[in-house]
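This report is to be read alongside the sequence and the coordinates. Its topics are chain architecture, strand pairing, internal cavities and selected residues.

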Amino acid sequence: MYPIEGAVIACAGLGSRLGMGLPKCMIEVGGQTILSQLISLLRPWVTRIHVVVGYREELIIDYCSRHHPEVVIVRNGEFRSTNTAHSLMLGSIGFSRKVLYLDGDLLIDRESFEGFLEHAAGCELTLGITQAKSSEAVYVSTGTDSDSGSLEVRGFHRDMPTEYEWANFFVASPALLGPGSKYVFECLAPFLPAATHPVEVFEVDTPEDLDRAKAWVNSQAIKN
Amino acid sequence: MSTAFCFDLDGTVTTLEILPCIAAELGIAEEIATLTRLTMDGHIPFPDSLRLRALILGQVPAERVHEIIDSIPLEPMLLSFIDAFNDASFIVTGNLDIWVEPLLSRLGCRWFSSKTKQDSGRLVVEHILDKGEAIRSLRREGKYERIVAVGDGANDISMLEEADIAIAYGGVHPPIPGTIIAADLVINHPSSLCTLLKAL
């Protein structure tokens, strides 16, 4: 049995801070959409992938029917008045055990992500964190678990810069996501401390983030 | 939770639309396929289109229609699902009872279809199924706490709107935009569909 039952990718948001007029998962970086890069990253690990759509859903539905017919599209018809946590809850349909939840605007380094998933196999809740770098970071305070010696997340902070920021992906039971209008990290805060494993991640929220992500993808291409 | 699974027949459980296959017998497969496509896309009201197609295709003897339908491949994964969840599965089809009854009997689950009668050797469409009404009648039975519906064409929209979980399915061809608007989920692969249905 796979340690993770499936993945839910939240792609319903407006992406208004980036202002490109299309869902962020549909932006091409390094010649491939972010969505295709995420699906390719997840494929060796999960058989079931749910993609939650809202803003300009027809673009993603058509794209998936041609390039990723095996994914399940979940519609968030209330994407304008709900947030990512609601999309992730809708996307959990048919899942009951351990699910990987991700934002659809992430470019993720494969090697460090594999380390994260291996770590997540043994934990109830595992949070993705990355070196702080994005324009509007949610910082995380970390510490070392006295029993296992592993890194753990102890708090989220908007205004207190730390080494790491919240990377907008995590592994958890669907039961953790309840209805409400909180941000995802706010939904997870009551369950801290939680296991973590730093991953190299670039989130695309603003034009500056996109430039950074493109530069990183180009540097990876040159390296390989 | 007790769940009923309601499936469209043509292009969902069957891998081809049935009426164009029958029309091939009369050498008018292309014409009926065009009519079927226009109907599925919602450009022609389903009842008008079905009466017209029944009028034309009624020339083919029912026994021959059964042979033709018998030769249409069924989606194997959906077939296995219906077999495994026989008591909870339903075929909800606008197609005519006289044509699809042998196939539906073989599937072994319950079904709703349009109804016909013979009048002086002529095929007469007596009742055209409103798929939304089929779901409502199933709900009135009170046996199922949750109803899941799977469809792809314009006449599936009312069924999807009445269901608790509505799935626009594009296993054979893309679901029409109206079914997507009425749906909670869009699924294009039979394996993904059956995996999800089993997990619900």
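The sections below describe a predicted model, beginning with the overall form of chain B and ending with individual residues.

## Overall form of chain B

Chain B contains 10 helices and 7 strands. Its radius of gyration is 16 Å, close to the 16 Å that the globule rule gives for 200 residues, so chain B is as compact as a globular protein of that length. Along the principal axes, the C-alpha atoms of chain B occupy a box of roughly 50 × 30 × 30 Å.

Of the 200 residues in chain B, 52% are buried. Among the contacts of chain B with a separation of 6 or more, 58% are made by residues 24 or more positions apart.

## Strand pairing in chain A

Strand E9 of chain A (residues 139-144) runs antiparallel to strand E10 of chain A (residues 151-157), and 6 bridges join the two. The hairpin formed by E9(A) and E10(A) has 6 residues between the strands, and in this hairpin A:Gly149 adopts a positive phi near 75°.

E9(A) also pairs with strand E11 of chain A (residues 164-172), again in the antiparallel sense, over 2 bridges. A:Tyr139 has a bridge partner in each of these two strands: A:His157 in E10(A) and A:Glu165 in E11(A).

## Internal cavities

A search of the whole structure yields 3 cavities of 30 Å³ or more. The largest cavity holds about 210 Å³ of space. Its lining consists of 19 residues, and those nearest its centre are B:Asp10, B:Glu17, B:Phe46, B:Arg53 and B:Asn155. At least two lining residues come from each of helix H2 (29-40), helix H3 (46-57) and strand E2 (89-96) of chain B. By residue class, the lining of the largest cavity comprises 5 nonpolar, 7 polar and 7 charged residues.

The second largest cavity encloses about 80 Å³. It is lined by residues of chain A, including A:Leu106, A:Thr130, A:Lys133, A:Glu165, A:Trp166, A:Phe202, A:Asp209 and A:Arg212. Two or more lining residues are supplied by each of E11, strand E13 (201-203) and helix H6 (207-223) of chain A. This lining divides into 5 nonpolar, 2 polar and 5 charged residues. A:Glu165 therefore appears in two settings, for the residue that lines this cavity is also the bridge partner of A:Tyr139 in E11(A).

## Selected buried residues

A:Glu57 is located in helix H2 of chain A (residues 57-67). With a relative accessibility of 15%, A:Glu57 counts as buried, because the cut-off for that class is under 20%. Beyond its neighbours within four places in sequence, A:Glu57 is in contact with A:Arg75 and B:Ile180.

B:Thr14 is found in the loop between strand E1 (3-7) and helix H1 (18-23) of chain B. At 1% relative accessibility, B:Thr14 also counts as buried. Which residues does B:Thr14 touch, not counting residues up to four places away in sequence? They are B:Leu9, B:Ile72, B:Pro73, B:Leu74, B:Leu103 and B:Val172. For B:Leu74, which lies 60 residues from B:Thr14 along the chain, the separation of the two C-alpha atoms is 4.4 Å.

Notes. Residues are numbered from 1 along each chain as its sequence is written. Chains are lettered from A and ligands numbered from 1 in the order in which they are written. This is a predicted model: local features need pLDDT of at least 70, side-chain atom pairs count only at pLDDT 80 or more; totals for chains, interfaces and linings use all residues. Side-chain values use heavy atoms; hydrogens and water are left out. Two strands pair if DSSP finds at least two bridges between them. Helices (H or I, at least four residues) and strands (E, at least two) are DSSP runs, numbered from the N terminus. On a 1 Å grid over the protein atoms alone, a cavity is a set of points where a 1.4 Å probe fits but cannot get out, and a pocket is an open set with protein on both sides within 12 Å along at least five of seven lines; lining residues have an atom within 4 Å of a point. Grid points are joined across faces, edges and corners, and a volume is the space filled by probe spheres set on the points. Ala, Val, Leu, Ile, Met, Phe, Trp, Tyr, Cys and Pro count as nonpolar, Asp, Glu, Lys and Arg as charged, and the others, Gly among them, as polar. The radius of gyration is taken over C-alpha atoms; the globule rule is 2.2 Å times the number of residues to the power 0.38. Buried means under 20% relative accessible area, exposed over 50%, partly exposed in between (1.4 Å probe, protein chains only). Contact means heavy atoms within 4.5 Å.
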